[in-house]
Amino acid sequence: MPIPHDIVYLVCSFAIGDDYSQYLSIMQVNHEWAEIACRMLYCNPRLQNYVAFCGFVRTVTKANGILPYAEYVRALDTAAVNKYDLRRRLIKLIACCHGLISLSLGYQPASVELDFFAQVKQHCPRLQTLQLPDIEKCIFMQEWNFSGFKRLRTVHLIAAPIGPSSITSLPKRVKVVRLERVAFDNLYLERLLKTHPYIQEIEITNCKDISKFPGLAYASSLQSLTISGRTIDDSTLKDIWSLRHTFIKCDFRDTCITDETLIAISNSSVTMNELYLNDCSGITIEGARALLLATPPPELIDITGCMQISPVQAEYLENKSPSGTKIIARKKMSFFVNNIFD
């Protein structure tokens, strides 16, 4: 009597483990077990070095392979090997992996050219997550069109000189937008939020041209808001507190905000379940106390790295909180190093 397929899959999962050390043993059982093992291995391959990447490309693109390896590939992350010139091999790989759902190109621009993106648009219609590397020198990205990615739901752009037409060409149902060191200003942000009402998470990191946040009133689906960078201060965020909105998570770490923002939060109609204020050196215990007076207050407040609030003060404030708000103020390594040398 044959073993049910779901039982075989479960056995293979335990046998292979996280390190894939028993991968070859599973391959030797029979054809069915070998196929299940290959699906696990090739679904999200671990490309740790250039030799492994070349071997992976050779196997997946082989015309007469024992198994259809290219059909198993769902996620591809080249961050570990993208410092090499992978253009030819990447294009060859993309042309075979039509079921690709997630593509991450790391932080190096070596493999990014216009013909590569043309291949991605042509051969990866199911792509849902796209992370583009530091492509500041790629001028063609100014007017690059995302409209071919109908299923795209997550976009992560790093140092990309995105133009207004590129922003509006994102699929209407995109849910997650992450922008890091992107040439992105207030007008682009407002246009993005107006034309994409289904955005649930937006993350803006070190985008120096952002001075305020217009258009949030149109983002009725927004659940998570992350804004970080030393150019962000109280005046940058003040438009947010005039809204009536509920966030699951707000993250303002490593910004120049002060107690003024925390008092504004407590007096606003904006509610949030989690608030992260890591490394905000302008925040004091008075601002943290004001947060607890909000209606309702956040369920979790992280003030790790806020130099004007000690862990002892944070613990006292947590114990006095009538709503049971959890306050995190972990010691950083610098505290331990100072203690050693003192």
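# Exercises on strands, core and salt bridges

Strands β8 and β9 (residues 271-276) pair in the parallel sense over five bridges, where strands are DSSP runs of E of at least two residues, helices are runs of H or I of at least four residues, both numbered from the N terminus, and pairing requires that DSSP finds at least two bridges between two strands. The model is predicted, so that local features need pLDDT of at least 70 and side-chain atom pairs count only at pLDDT 80 or more, while totals for chains, interfaces and linings use all residues. Residues are numbered from 1 along each chain as its sequence is written, and side-chain values use heavy atoms, with hydrogens and water left out.

**Exercise 1.** Trace the strand pairing through cysteine 250, and give the handedness of the crossover from β8 to β9.

Solution. Begin with strand β7 (residues 224-228), which runs parallel to strand β8 (residues 246-251) and is joined to β8 by three bridges. Within this pairing, leucine 225 has cysteine 250 of β8 as its bridge partner. Continue to β9, where leucine 275 stands opposite cysteine 250. Between β8 and β9 the chain passes through helix α11 (residues 259-266), and this β-α-β crossover is right-handed; that is, with the strands pointing away from the viewer, the path from the first strand over the helix to the second runs clockwise.

**Exercise 2.** Determine which residues have the most contacts inside the largest nonpolar core, and list what phenylalanine 252 touches.

Solution. A nonpolar core is a set of buried Ala, Val, Leu, Ile, Met, Phe, Trp, Tyr and Cys residues joined through side-chain atoms within 4.5 Å; buried means under 20% relative accessible area, exposed over 50%, and partly exposed in between, with a 1.4 Å probe and protein chains only. The largest such core holds 87 residues, and Leu103, Phe252 and Leu277 have the most contacts inside it. With contact taken as heavy atoms within 4.5 Å, and residues up to four places away in sequence not counted, phenylalanine 252 touches Leu225, Ile227, Leu237, Trp241, Ile257, Leu275, Tyr276, Leu277 and Cys280. For the chain as a whole, buried residues make up 46% of the 342 residues. In soluble globular proteins, nonpolar side chains tend to be buried together.

**Exercise 3.** State where threonine 154 lies, and whether threonine 154 is buried or exposed.

Solution. Threonine 154 belongs to strand β4 (residues 154-158). Its relative accessible area is 13%, and threonine 154 is therefore buried. Leaving aside neighbours within four places in sequence, the contacts of threonine 154 are Gln128, Thr129, Leu130, Val174, Val176 and Arg178.

**Exercise 4.** Describe the salt bridges of arginine 178, lysine 194 and arginine 253.

Solution. The structure holds six salt bridges, each a side-chain nitrogen of Lys or Arg within 4 Å of a carboxyl oxygen of Asp or Glu. In one of them, arginine 178 meets glutamate 201 at 3.3 Å, N to O. Because glutamate 201 lies in strand β6 (residues 201-205) and arginine 178 in strand β5 (residues 176-180), the pair ties together parts 23 residues apart in sequence. Next, lysine 194 meets glutamate 190 at 3.5 Å, N to O, and both lie in helix α9 (residues 186-195), four residues apart, about one turn of the helix. Finally, arginine 253 pairs with aspartate 251, their closest N and O atoms being 2.9 Å apart; arginine 253 is partly exposed at 32% relative accessibility, whereas aspartate 251 is buried at 4%. Elsewhere, salt bridges that share partners join Arg178, Glu201 and Glu203 into one network.
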